[in-house]
Amino acid sequence: MQNIYDNKEFFDDYINMRNKEINANNLIEKPIFQSLLPSFKDKKILDLGCGFGDLCKFAENDGARKVVGIDISKNMIDKAKKINYGEKISYLNLPMEKINEINEKFDFVLSSLAFHYVENFDKLIKNIKNLLVPNGYLIFSQEHPVATAFIPPKNKKIDSKIDIENKRYYLLSDYNNNGKRSIHWNIDGVVKYHRNFTAIINTLSENNFIIEKLVESYADEEAIKLEPKYKYQNDRPYFLFIKAKLA
Ligand SMILES: C[S@@+](CC[C@H](N)C(=O)[O-])C[C@H]1O[C@@H](n2cnc3c(N)ncnc32)[C@H](O)[C@@H]1O
């Protein structure tokens with residue numbers, strides 16, 4: 001399991017990106033994620049890969065009774081404790097792979113853009129199931145499978161996208177080869193895991209989750225006005241969102 005957010009160079013670049021008002025988190029990911037959330041009044045929430053705690057704070061502000069945020073990165077947990085502390089919130093420096101150590105049940109398990117860092121999706125989903133009350137919800141976003149699939153050829157640099165007449169064409173390869181991807185994002189060697197829709201959807205349904213809603217990211221007119229390149233979401237979405245209920 002890689003803890004890339006505790007690499008100083010990576011973390012500084014990531015925080016710089018998140019500190020800008022115009023970024024894909026603020027303009028695309030957060031609004032769609034929040035549109036999937038019901039009221040948290042008096043509910044217990046677990047946020048997996050909580051980062052610096054924006055979603056935990058959102059849940060507390062929305063009336064949650066208790067919020068637990070966990071993250072593998074100490075940098076992230078330290079920052080969350082500083083900027084998103086709250087009476088109802090506790091932060092734990094714990095990898096998602098170890099949530100079986102948590103001994104309580106939650107109404108909602110949330111996770112924003114972190115599941116693609118986890119190798120064993122089936123084990124993760126089984127552990128989440130054990131942490132949810134009957135009819136509890138798992139709501140998560142991750143990088144979209146069409147964005148995680150590509151593996152560049154060895155020893156040859158190629159551009160995986162080209163712009164022609166206001167449109168972006170992307171190379172797609174290895175879509176059905178699920179598994180590890182080592183990519184350059186801020187730094188070399190960032191490890192993510194690609195899973196096709198078959199793997200994602202069937203793992204959820206085999207573990208008794210009913211999918212209530214699935215959203216593939218899009219940019220609204222306002223977002224495109226602020227950052228024109230987000231129009232390319234129509235050519236290939238960045239993110240996938242799933243709202244699933246435990247049967
Ligand atoms: C792209 S950030 C998203 C942070 C936050 N959810 C948000 O949306 O602002 C991904 C987060 O997942 C965390 N993460 C990655 N692998 C993890 C793992 N195995 N267990 C727990 N957290 C992990 C990272 O440390 C990082 O904070």
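**Exercise 1.** How many residues surround the ligand, and which are the closest?

*Solution.* Keep in mind that you're looking at a predicted model.
- Step 1: Count the shell around the ligand, and you get 18 residues.
- Step 2: Pick out the closest ones, which are Gly49, Asp71, Met96, Glu97 and Ser112.
- Step 3: Sort the shell by type: 11 residues are nonpolar, 4 are polar and 3 are charged.

**Exercise 2.** Find side chains with an N or O atom within 3.5 Å of an N or O atom of the ligand.

*Solution.*
- Step 1: Start with the ligand's oxygen atoms. One sits 2.6 Å from an N or O atom in the side chain of Asp71, and an oxygen is also 2.9 Å from such an atom in the side chain of Arg18.
- Step 2: Now try nitrogen. A ligand nitrogen lies 2.9 Å from a side-chain N or O atom of Glu97.
- Step 3: Check how well the ligand is wrapped up: on its own it has 590 Å² of accessible area, and the protein covers 95% of that.

**Exercise 3.** Which members of the largest nonpolar core touch the most other members?

*Solution.*
- Step 1: Go through the core's 30 residues, and the winners are Ile28, Phe40, Ile45, Leu110 and Ile139.
- Step 2: See where the core comes from. Elements giving two or more residues include helix H3 (54-61) and strand S5 (132-143), but H2 gives the largest share, 5 residues.
- Step 3: Zoom in on Phe40. Leaving out residues up to four places away in sequence, Phe40 touches Ile45, Phe58 and Leu110, among others.
- Step 4: Look elsewhere too: a separate core of 28 residues includes Leu48, Leu94, Val118 and Phe140.

Definitions and conventions. Residues are numbered from 1 along each chain as its sequence is written. This is a predicted model: local features need pLDDT of at least 70, side-chain atom pairs count only at pLDDT 80 or more; totals for chains, interfaces and linings use all residues. Side-chain values use heavy atoms; hydrogens and water are left out. A nonpolar core is a set of buried Ala, Val, Leu, Ile, Met, Phe, Trp, Tyr and Cys residues joined through side-chain atoms within 4.5 Å. Buried means under 20% relative accessible area, exposed over 50%, partly exposed in between (1.4 Å probe, protein chains only). Helices (H or I, at least four residues) and strands (E, at least two) are DSSP runs, numbered from the N terminus. Contact means heavy atoms within 4.5 Å. A residue is near a molecule or strand if one of its heavy atoms lies within 4 Å of it. A polar contact is a pair of N or O atoms within 3.5 Å; within protein, one must be able to donate a hydrogen and the other to accept it, and residues adjacent in sequence count only if both atoms are side-chain atoms. Accessible areas come from the Shrake-Rupley method with a 1.4 Å probe; for residues, only the protein chains shown count as cover. Ala, Val, Leu, Ile, Met, Phe, Trp, Tyr, Cys and Pro count as nonpolar, Asp, Glu, Lys and Arg as charged, and the others, Gly among them, as polar.
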